[in-house]
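Visitor: Please take me through one part of this model in detail, the stretch of chain that carries several of the recorded binding positions, together with the helices around it. I would like the residues and the values rather than a summary.

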Amino acid sequence: MTIIIEQPQFDAAAERKVAGDPAELVLDGGFTVPDSNAFGHTFRDYDAESERKKTVEEFYSVNHINQTYEFVQRMRDAYGRLDKTEMSIWECIELLNEFIDDSDPDLDMPQIEHLLQTAEAIRKDYPDEDWLHLTGLIHDLGKVLLHPSFGELPQWAVVGDTFPVGCAFDECNVHSKYFKENPDYHNPEFNTKFGAYSEGCGLDKVLMSWGHDDYMYLVAKENKTTLPSAGLFIIRYHSFYPLHKHGAYTHLMNEEDKENLKWLHVFNKYDLYSKSSIRIDVEEVKPYYMSLIDKYFPGKLRW
């Protein structure tokens, strides 16, 4: 595997419709939501006293200050060329083994554990939606941006909740107070409700804060995956908690976004609440997921 590294400069400071009808989705799917995360706290409690609290808040302070419209454009240009390497989906999964997400207050185990927990929980409740099983497995693969082979981006440019740039930052964003130090906060071109966008323009026209979500979306789309549009929507917006948890930014959505959001609501519960200390036997489940990878992706992808 030959890898080309182009280190970005940082500032200081194929779509098909889903077979099922999303209007008829059963959102609980039989899944039992656990009472607490791996640390014994409620999920996504950013104020809970824990060994992760300080790390998480420090992460969001740097993230909110530096994720500007110009920065996102620069990252999309640098990484959207997909000229870093060629590798398979499973090779990418194995690269994630050594990483822990500093923005996550709920879990501190390697990413492959979370990917398999998510996929297997979905598989149990939605056995006929194999595209959703695979989406669960690959949704976080963009975190390879943390790897030295991809330029070793800082965590604030890879993980964490995502949000639109180019318009006003909503107060429902986690630790939103830090946006006041973001240059776009004071830019009249970007600090209004619509900013650079228009009502109902569609989320595909909106620049999102740069990270693993948008990167994996670009990888999947440009490598001509046959995942349905809902799968690509989940990959790109699964960290967009201001939208799918708080209902913010809906004024930017079009009708297709609204339909796909129903599937994202299904997915999100498994992404969030399947995080636990329960281990998955990788070798036991690998053949099933390899068959799905072969079904929906080419053998080698450009990254």
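Guide: V174 lies in the loop between α5 and α6. The helix spans on either side are 130-138 for α5 and 212-222 for α6. Helices (H or I, at least four residues) and strands (E, at least two) are DSSP runs, numbered from the N terminus. The structure is a predicted model, in which local features need pLDDT of at least 70 and side-chain atom pairs count only at pLDDT 80 or more, while totals for chains, interfaces and linings use all residues. Residues are numbered from 1 along each chain as its sequence is written, and side-chain values use heavy atoms, with hydrogens and water left out.

V174 counts as buried because its relative accessibility is 13%; buried means under 20% relative accessible area, exposed over 50%, and partly exposed in between (1.4 Å probe, protein chains only). H175 is in the loop between α5 and α6 as well, and at 16% relative accessibility H175 is also buried. The phi angle of H175 is positive, at about 50°, although H175 is not a glycine.

From V174 the path leads to G160, 14 residues away along the chain, with 9.5 Å between the two C-alpha atoms. G160 is found in the loop between α5 and α6 and is buried, with a relative accessible area of 9%. K143 is another residue of this loop, and at 4% relative accessible area K143 is buried.

G160 and K143 both appear in the UniProt record, where an unreviewed entry places the feature "binding site" at R44, D101, D102, S103, K143, G160, D161, H238 and S239. Those positions are given in the numbering used here, feature names are shortened, and annotations may be inferred rather than shown by experiment.

S239, also listed in that record, is found in the loop between α7 and α8 (241-244). S239 is buried, with a relative accessible area of 7%. Leaving aside its neighbours within four places in sequence, S239 is in contact (heavy atoms within 4.5 Å) with G160, D161, T162, H212, D213 and H244. Two of these partners, G160 and D161, are themselves on the UniProt list.

Next come the helices. α7 covers residues 229-237, and 9 of its 9 residues are buried: S229, A230, G231, L232, F233, I234, I235, R236 and Y237. Two packed helices are described by the angle between their axes and the distance between the axes. Here axes are lines fitted to C-alpha atoms, for helices over the stretch in contact, and angles run from 0 to 180 degrees between N-to-C directions. The axes of α5 and α7 come within 10 Å and cross at roughly 20°. α5 and α7 are therefore roughly parallel; angles under 35 degrees count as roughly parallel, over 145 as roughly antiparallel, 65 to 115 as roughly perpendicular and the rest as oblique. On the α5 side, W131, L132, T135 and I138 meet A230, G231, I234 and I235 of α7. The residues of this contact divide into 6 nonpolar, 2 polar and no charged. In that count, Ala, Val, Leu, Ile, Met, Phe, Trp, Tyr, Cys and Pro are nonpolar, Asp, Glu, Lys and Arg are charged, and the others, Gly among them, are polar.

α5 also packs against α10 (residues 282-296), at an angle of about 105° and with the axes 10 Å apart. That makes α5 roughly perpendicular to α10. D130, W131, H133, L134 and L137 in α5 meet Y288, Y289, L292, I293, K295 and Y296 in α10. This contact divides into 8 nonpolar, 1 polar and 2 charged residues. W131 takes part in the contact with α7 and in the contact with α10.

At the other end of the loop, α6 is followed by a loop leading to α7, and K224 lies there. K224 is exposed, with a relative accessible area of 65%. Its phi is near 60°, a positive value in a residue other than glycine. α6 also packs, together with α1 (53-66), against the buried residues of α2. These α2 residues are Y69, F71, V72, M75, A78 and Y79.

For context, the chain has 10 helices and 2 strands, and buried residues make up 57% of its 303 residues.
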